[in-house]
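Take a moment with the sequence and the model below. Then follow the text from a single strand out to the ligand.

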Amino acid sequence: MDLGLNGKVAIVTGGARGIGLSICERFLAEGARVVVADMDGAAAGEAAAALSPDGAAALAVTCDVTDRASVETMVRATLDAFGTIDVLVNNAGFTRDMRIGRMSETDWDLVVDVVLKGAYQCTKAVMPTMIEKNSGRIISISSRAYLGNPGQANYSAAKAGLLGFTRAMSLEAGRHFITVNAVAPGIVETEAVRSLPHFDKIRANAEKTVAIPRMGQVSDVADAVAFLASDRAGYISGEVLHVTGGRY
Ligand SMILES: NC(=O)c1ccc[n+]([C@@H]2O[C@H](COP(=O)([O-])OP(=O)(O)OC[C@H]3O[C@@H](n4cnc5c(N)ncnc54)[C@H](O)[C@@H]3O)[C@@H](O)[C@H]2O)c1
């Protein structure tokens, strides 16, 4: 199936590693150009150099998605380098897990800000270009945790909020033929997850409790994102695509 991504320009926030990097790789494999927009500028630079050694198809931009000026600079850099924006993937995110009694206000703010304010800032910044083109794809990486996990009140609330944001934006953006969707992965085997001290337990648990008895891989999420970003998904909007191996 031709996804129609050849020549398209995609911004992937948090694209320097993990799921974001896999999404970048998938887009490049489809002939798209990518902007690796990550707070970790050194890692973004390394990722872009590996993705496109001659620099023609990948641009690294140091960007904090919670900071309006930083996001606006990143969008300007994208337009200067590639001339347009077809796809935004709101992927930057992290956890600060703690039971509520011990969860500091900082733990709350950091997680809610990176997920929700980040999606708001980036979406707002790309919308004028997409409206002008009368086309676009916005995909936000939520999590199965939107259903609620103990010790993740901040993360679960933010990832559930991201689904509300997605639905509201799909209604606002539809008349410009811009689709807005979310992907909700279950636990995915990234380097960060692999380095957890109890990784073997996590994997064993996935093999026991997930309908498809293995852990999710970054490429599983990237495939779902590539489909939603594609020309083949032009009449799908406001949806959440679960990539959980059947566990949700
Ligand atoms: N790994 C999982 O099991 C899993 C499951 C469900 C959802 N997710 C979600 O998928 C997304 C990617 O997760 P991952 O596991 O690949 O994470 P990761 O930690 O491997 O990579 C996240 C990237 O985001 C960047 N980042 C963090 N804060 C940022 C900010 N303010 N501005 C710009 N970049 C920032 C980091 O520098 C890092 O490169 C996250 O939104 C996460 O919540 C992950």
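What follows starts at one strand, moves to its neighbours and ends at the ligand.

This is a predicted model. Begin with strand β1, residues 9-13. Is β1 mostly covered or mostly open? It is mostly covered: five of its five residues are buried. In a regular strand, side chains alternate between the two faces of the sheet. Look at each side of β1 in turn. Val9, Ile11 and Thr13 lie on one side, and all are buried. Ala10 and Val12 lie on the other, and they are buried too. Both faces of β1 are therefore covered.

Take one residue of this strand. Val9 lies in β1. Why does Val9 count as buried? Its relative accessibility is 0%, and the cut-off for buried is under 20%. Now look along the chain from Val9. Phe27 is 18 residues apart from Val9 in sequence, yet their C-alpha atoms are 8.9 Å apart in space.

Next come the strand partners. β1 is joined to strand β2, residues 33-38, by five bridges. The two strands run parallel. Within this pairing, Val12 has Val36 of β2 as its bridge partner. From β1 the chain passes through α1 to reach β2. This β-α-β crossover is right-handed. β1 also pairs with strand β4, residues 87-90. Three bridges hold that pairing, again in the parallel sense. Here the bridge partner of Val12 is Val89. Val12 thus has a bridge partner in β2 and another in β4.

Now turn to the ligand. Which residues come nearest to it? Of the 25 residues around the ligand, they are Arg17, Asp38, Asn91, Tyr155 and Val188. By class, the shell has twelve nonpolar, eight polar and five charged residues.

Three polar contacts can be traced by atom type. A polar side-chain atom of Arg17 sits 2.7 Å from a ligand oxygen atom. The backbone serves at Ile19: one of its polar atoms is 2.8 Å from an oxygen atom of the ligand. At Asp64, an N or O atom of the side chain is 3.0 Å from a ligand nitrogen atom.

How much of the ligand does the protein bury? Taken alone, the ligand exposes 830 Å², and the protein buries 89% of that. Two elements give two or more residues to the shell: α1 (18-29) and α5 (153-173). Helix α1 therefore links both parts of this tour: the chain crosses through α1 between β1 and β2, and α1 gives residues to the shell around the ligand.

How values were computed: Residues are numbered from 1 along each chain as its sequence is written. This is a predicted model: local features need pLDDT of at least 70, side-chain atom pairs count only at pLDDT 80 or more; totals for chains, interfaces and linings use all residues. Side-chain values use heavy atoms; hydrogens and water are left out. A residue is near a molecule or strand if one of its heavy atoms lies within 4 Å of it. A polar contact is a pair of N or O atoms within 3.5 Å; within protein, one must be able to donate a hydrogen and the other to accept it, and residues adjacent in sequence count only if both atoms are side-chain atoms. Accessible areas come from the Shrake-Rupley method with a 1.4 Å probe; for residues, only the protein chains shown count as cover. Helices (H or I, at least four residues) and strands (E, at least two) are DSSP runs, numbered from the N terminus. Ala, Val, Leu, Ile, Met, Phe, Trp, Tyr, Cys and Pro count as nonpolar, Asp, Glu, Lys and Arg as charged, and the others, Gly among them, as polar. Buried means under 20% relative accessible area, exposed over 50%, partly exposed in between (1.4 Å probe, protein chains only). Two strands pair if DSSP finds at least two bridges between them.
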